[in-house]
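Dear colleague,

I am passing on the structure we spoke about, with the sequence alongside. Please look through it first, and then read my notes below.

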Amino acid sequence: MAKKYIDIMDTTFRDGFQSVFGGRVLMNDFMPAVAAAREAGITHFEFGGGARFQSLYFYLNEDAFVMMDKFREIAGAEVNLQTLARGVNTVTLDTGSREIVDLHAKLFKKHGATTIRNFDALNDVENLKYSGERIVHHGLKHEVVVTLMDLPPGCVGAHDVPFYEKTLREILDAGIPYDSVCFKDASGTSSPQKVYETIKMAKKLLPENTHIRLHTHETAGVSVACYLAALEAGVDGIDLAASPVSGGTSQPDILTMLHAVKNKPYDLGGLEIEKILTYEEVLNDCLKDYFLPPEAVQVSPLIPFSPMPGGALTANTQMMRDNNILNKFTDVIKAMREVVEKGGYGTSVTPVSQFYFQQAFNNVLFGPWEKIADGYGKMVLGYFGKTPVAPDETVVALASKQLKLEPTTQNAIDLADKDETKSLAYVKSLLEAEKLEPTEENLFIAAACKDKGIAFLKGEAKVNVRKISDEVSTKATPTSSKASESKEPCAYTVTVNGISYSVQVAEGEGVEVTNIQPVSAPTSEKKAAASGGEEICATLPGSVFKMLVKPGDSVKEGQVLVILEAMKMEIEIPSPQDGVVSEVRVAVGQSVENGQVLVVL
């Protein structure tokens with residue numbers, strides 16, 4: 001009996017990297033593994049898009065389009081290279097105008113993509129219409145998506161088989177062009193039985209020979225069981241990854257799944273165990289210097305109650321490490337349950353998963369529902385589309401009051417078109433103001449990544465990658481507190497205009513001042529301002545994103561003085577009163593602690 005051929009997409013270099021390393025893997029480090037994967041017979045890769053677009057500009061000082069070009073060159077012209085898009089959000093956390101949605105498809109085709117998997121986290125089909133049309137218009141294959149998860153216990157009204165059938169029928173009735181259909185469970189929380197029934201439903205509803213795929217994660221511990229259920233139901237393709245970026249928060253390992261289907265009537269992509277072993281050896285060698293977060297290789301029993309996608313989980317824990325607040329992670333995950341229950345049941349996949357996490361984060365740090373996160377608030381108010389069920393009325397009222405926005409039923413893309421700041425003309429003006437060439441690539445980078453995109457284009461981006469060798473080197477190099485016989489640099493703290501700096505001064509002929517870095521104000525300075533003035537403090541741990549005042553500036557009550565960044569949120573710090581700035585205690589880029597003095601009036 002001939003075995004059914006199952007197409008395997010290797011997610012290692014996109015979702016695998018995102019799920020394990022928060023997307024922070026440098027292109028030159030992993031390209032040898034791409035060649036090894038091709039040698040192993042893999043012909044379908046996920047190679048970009050999703051969070052692996054912004055992360056290159058935010059953390060790697062790399063151009064995603066250059067990475068995609070290099071990947072295509074190594075993988076070869078004939079392979080299927082796939083990216084991930086978020087409907088009208090494309091590869092960002094915000095909605096894009098029609099101009100930006102069109103430019104996204106055009107540029108991804110130009111830079112090597114074959115297929116774009118296109119989803120909407122709310123399963124609002126309106127958000128898939130224009131994006132799907134433009135994907136096909138620019139000569140790409142369109143894989144349209146229904147997003148899956150399980151709801152916390154006691155929640156009803158969505159995320160069951162009838163809900164997915166309704167969504168699929170709406171896609172068909174809307175006439176959205178597509179080449180394949182994917183059921184995507186980013187949190188890995190769907191039960192095997194629901195997966196089986198969903199694939200069976202789709203097989204009956206869709207035209208014969210429609211290619212149907214399942215995507216899931218191991219985060220909740222049931223991914224292999226779900227894939228086996230999908231195979232029994234007739235699925236045509238599944239997504240797998242390679243060690244060390246498989247299992248845990250990522251997709252099941254290719255070798256694991258090959259083992260799981262032994263003596264079953266399925267041929268997984270024609271792949272051979274020995275060749276995959278060799279590929280994984282190369283990949284492990286490429287990534288051996290990268291710090292492997294312990295939470296990335298774990299299966300969590302809490303995830304079915306608080307569905308956090310693997311790709312967002314480690315991105316958030318990496319940011320929490322950056323801000324020295326990883327101890328809050330378990331509390332935030334627990335707090336997500338209520339946030340999901342009251343948020344309208346959008347699928348926990350980017351950007352909605354990030355909205356859930358940000359709101360849970362705020363509920364833990366500021367108290368339940370004391371501070372509505374911008375993205376979560378806009379979601380329950382309708383600015384990202386229609387949620388599967390109506391959000392909690394009390395939360396909607398709080399969001400409207402805090403964000404000063406009225407609820408809306410307008411289509412998200414229509415709202416974006418009305419926003420001047422989301423027009424290409426506006427983005428072009430930003431580039432020209434910085435004397436940057438307004439190429440289509442630069443326009444999209446600036447539109448998608450905003451200030452950080454412009455910083456990259458200006459050559460000001462920094463690399464933030466955790467490597468074992470860097471950690472060892474840092475620990476092994478002591479800072480000299482005074483001149484030594486070995487003539488090591490001497491370290492001092494110098495305060496200029498109220499800003500403290502860590503300065504290293506090398507001995508020798510002449511004086512060389514190196515490694516000038518802003519540092520937190522000493523503890524004694526945090527307690528009381530020398531002038532006896534009003535201290536304005538950080539409301540949560542994070543980093544200084546923008547400093548909007550300087551010593552001597554007159555400010556009004558409510559005027560924003562500093563913008564902090566934490567967990568992909570921009571937190572405005574307003575002045576509590578009229579006054580004059582006497583001190584600025586921090587600098588842009590500096591990490592700050594909760595309660596640390598930022599400005600003194």
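Before anything else, please bear in mind that this is a predicted model. The pLDDT averages 89 over the chain, and 89% of the residues score at least 70. Two stretches call for caution: pLDDT stays under 50 over residues 479-489, for which the model has 16 contacts beyond four places in sequence, and pLDDT also stays under 50 over residues 495-502, for which the model has 29 such contacts.

As for the chain as a whole, 21 helices and 21 strands are present, and of its 601 residues 57% are buried. Among the contacts with a separation of 6 or more, 73% are between residues 24 or more positions apart. The chain exposes about 24500 Å², of which carbon and sulfur atoms supply 51%.

I then looked at one pair of helices, α5 (residues 98-110) and α6 (residues 126-137), whose axes come within 8 Å of each other and cross at roughly 35°; the crossing of α5 and α6 is right-handed. On the α5 side the contact is made by Arg-98, Val-101, Asp-102 and Ala-105, while α6 contributes Tyr-130, Ser-131, Arg-134 and Ile-135. Sorted by character, the residues of this contact between α5 and α6 comprise 4 nonpolar, 1 polar and 3 charged.

Two single residues may also be worth finding in the viewer. Gln-54, which is found in helix α3 (residues 51-60), has a relative accessible area of 9%, and Gln-54 therefore counts as buried, the cut-off being under 20%. Leaving aside the neighbours within four places in sequence, Gln-54 is in contact with Val-91, Thr-92 and Leu-93, and also with Ala-448 and Cys-449.

The other residue is Val-146, which is found in strand β5 (residues 141-147) and is likewise buried, because its relative accessible area is 0%. Val-146 and Cys-182 are 36 residues apart in sequence, yet their C-alpha atoms are 6.4 Å apart in space. Cys-182 is also one of the residues in contact with Val-146 once neighbours within four places in sequence are left aside, together with Asn-123, Tyr-164, Thr-167, Leu-168, Ile-171, Phe-183 and Lys-184.

With best wishes

How values were computed: Residues are numbered from 1 along each chain as its sequence is written. This is a predicted model: local features need pLDDT of at least 70, side-chain atom pairs count only at pLDDT 80 or more; totals for chains, interfaces and linings use all residues. Side-chain values use heavy atoms; hydrogens and water are left out. Helices (H or I, at least four residues) and strands (E, at least two) are DSSP runs, numbered from the N terminus. Buried means under 20% relative accessible area, exposed over 50%, partly exposed in between (1.4 Å probe, protein chains only). Contact means heavy atoms within 4.5 Å. Accessible areas come from the Shrake-Rupley method with a 1.4 Å probe; for residues, only the protein chains shown count as cover. pLDDT is the predictor's confidence in each residue, from 0 to 100. Axes are lines fitted to C-alpha atoms, for helices over the stretch in contact, and angles run from 0 to 180 degrees between N-to-C directions. A crossing is left-handed if the near helix is turned anticlockwise from the far one by less than a right angle, and right-handed if clockwise. Ala, Val, Leu, Ile, Met, Phe, Trp, Tyr, Cys and Pro count as nonpolar, Asp, Glu, Lys and Arg as charged, and the others, Gly among them, as polar.
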